[in-house]
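Student: I am new to this structure and would love a close look at one strand and its surroundings. Could you take me through it slowly and spell out each term as you go?

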Amino acid sequence: MRAEQEDWRCGGVRWGAAGPALVWLHPAHGERSTPLPAGRPVAFTTGAARRCVGVRRGGRRTPCPLGAELAAAAVSAQCAECARLDRSHSVAADTALDDPRPYDVYLAWSVPGAVKVGITAAEREGVRLLEQAALSYALLGRGPLMAARRAEAVLGAALSVPDRIPYAAKRAARCPAPAQELRTAELAGLHAQACALAALPESLTVLPFAPVHHDAAFHLDRLRPSCGTVVVAPGRTIAGTVAAVAGPDLYLDAADGRQLLVDARQLAGWALAAAAPGAETTAEVLIPPPAAAGPEALF
């Protein structure tokens with residue numbers, strides 16, 4: 001692989017109004033992206049080492065000054081120093097409290113019985129929920145950043161609403177996905193309870209209940225329960241046709257009939273060389289154990 005090719009590294013999956021795309025990063029040429037519509041062939045081979053992707057702020061990326069090498073299995077694609085710099089001016093880390101933009105408070109459904117609360121800049125128009133792989137969501141209100149943060153805290157304290165859901169639980173809950181009616185009912189119930197709270201900030205404009213479902217955006221109908229998880233490692237080929245994308249998870253239908261799950265968070269930082277169309281996947285694939293048929297399966 002030529003040095004110029006090595007300099008282009010994967011930045012993971014990024015969602016936008018047009019859908020998901022695979023992002024490419026270069027220290028001199030900036031960013032490019034490749035759309036990931038269902039049915040698109042994908043075939044690539046990982047390079048020799050995974051490197052830190054640096055820091056992205058205000059639409060611009062600063063490369064990692066150390067070119068730090070990362071562990072293949074790490075979910076984060078940043079070294080410790082770049083992660084620290086990233087969080088030094090971050091809404092999520094409460095270190096950017098001077099952000100003047102309006103913020104939305106959302107209720108996100110990812111697993112049965114556990115709706116979470118969060119905030120996102122209103123201008124992002126729901127993209128944050130696609131990134132988080134929420135199957136459904138509803139906005140609760142809109143207002144200044146500190147009002148949104150206060151509302152998030154009120155729901156946590158008064159209604160025990162979590163602000164995080166383990167990602168493994170989200171992944172397990174999407175195949176098969178519970179009916180939209182169930183998701184709508186759980187969101188509606190929490191929305192009504194939240195609206196009745198006297199402690200919500202006055203500067204937060206409460207919004208009427210309007211659920212949004214991501215079944216079509218994620219192509220949930222294409223997912224298979226027996227999907228195998230790809231282990232990303234140096235010098236391994238991953239190939240297939242895009243079946244679905246949910247949050248950072250890329251699902252590929254392989255030529256041998258298997259469906260493969262690639263966590264694009266673990267792709268970020270790798271140099272990826274194009275492989276031949278129809279190439280065999282040489283990366284290790286972890287097959288989930290069969291689901292238990294009932295209590296007798298425990299003995």
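**A close look at strand β14**

Tutor: Nine of the 10 residues of β14 are buried, so the rest of the structure largely encloses this strand. Buried means a relative accessible area under 20%, exposed means over 50%, and partly exposed covers what lies in between, for a 1.4 Å probe and protein chains only. The model is predicted, and local features need pLDDT of at least 70, side-chain atom pairs count only at pLDDT 80 or more, and totals for chains, interfaces and linings use all residues. Residues are numbered from 1 along each chain as its sequence is written, and side-chain values use heavy atoms, with hydrogens and water left out. Names such as β14 refer to DSSP runs numbered from the N terminus: helices are H or I runs of at least four residues, and strands are E runs of at least two.

Let's begin with the strand's partners. Two strands pair if DSSP finds at least two bridges between them. β14 pairs with strand β4 (residues 41-51) in the antiparallel sense, over five bridges. In that pairing, T237 of β14 is the bridge partner of T45. β14 is also joined by five bridges to strand β15 (residues 249-253), and these two run antiparallel as well. Here V242 has L252 in β15 as its bridge partner. β14 and β15 form a hairpin with two residues between the strands, where G247 takes a positive phi near 60°.

Now look at the packing. A nonpolar core is a set of buried Ala, Val, Leu, Ile, Met, Phe, Trp, Tyr and Cys residues joined through side-chain atoms within 4.5 Å. In soluble globular proteins, nonpolar side chains tend to be buried together. The largest core in this model has 58 residues, and L36, V105, L107, L155, I238, Y251 and L252 have the most contacts inside it. With six residues, strand β14 (residues 237-246) gives the most to this core. Apart from that core lies another one, of 12 residues, with L25, C52, A68 and C82 among them.

Y251 is a good residue to pick out on screen. Contact means heavy atoms within 4.5 Å. Leaving out residues up to four places away in sequence, Y251 touches a list that includes T241, V242, A243, A244 and A246. R171, R174, L223 and C227 are also among the residues that Y251 touches, and so are Q259, L260 and L261.

A short step from there brings us to D263, in strand β16 (residues 259-263). D263 counts as buried because its relative accessibility is 6%. Its contacts, leaving aside neighbours within four places in sequence, are R171, P248 and D249. D263 and L250 are 13 residues apart along the chain, and their C-alpha atoms are separated by 6.3 Å.

V105, named above for its contacts inside the largest core, leads to another pair of strands. Strand β8 (residues 103-109) and β9 run antiparallel and are joined by seven bridges. V105 stands opposite I119 in β9. Strand β9 (residues 115-121) is mostly covered, with seven of its seven residues buried. V115, V117, I119 and A121 point one way from β9, while K116, G118 and T120 point the other way, and all are buried. The hairpin of β8 and β9 has five residues between the strands, and in it G113 takes a positive phi near 75°.

Finally, some backbone features in the loops. Most residues other than glycine have a negative phi, and most peptide bonds are trans. A133 is not a glycine, yet it has a positive phi of about 65°. A133 sits in the loop between α3 (127-131) and β10 (136-143), and it counts as buried because its relative accessibility is 2%. S160 also has a positive phi, near 55°, in a residue other than glycine. S160 is in the loop between α4 (145-159) and α5, and this residue is exposed, with a relative accessible area of 63%. C175 and P176 are joined by a cis peptide bond, with omega about 0°. You can find P176 in the loop between α5 (167-173) and α6 (180-195).
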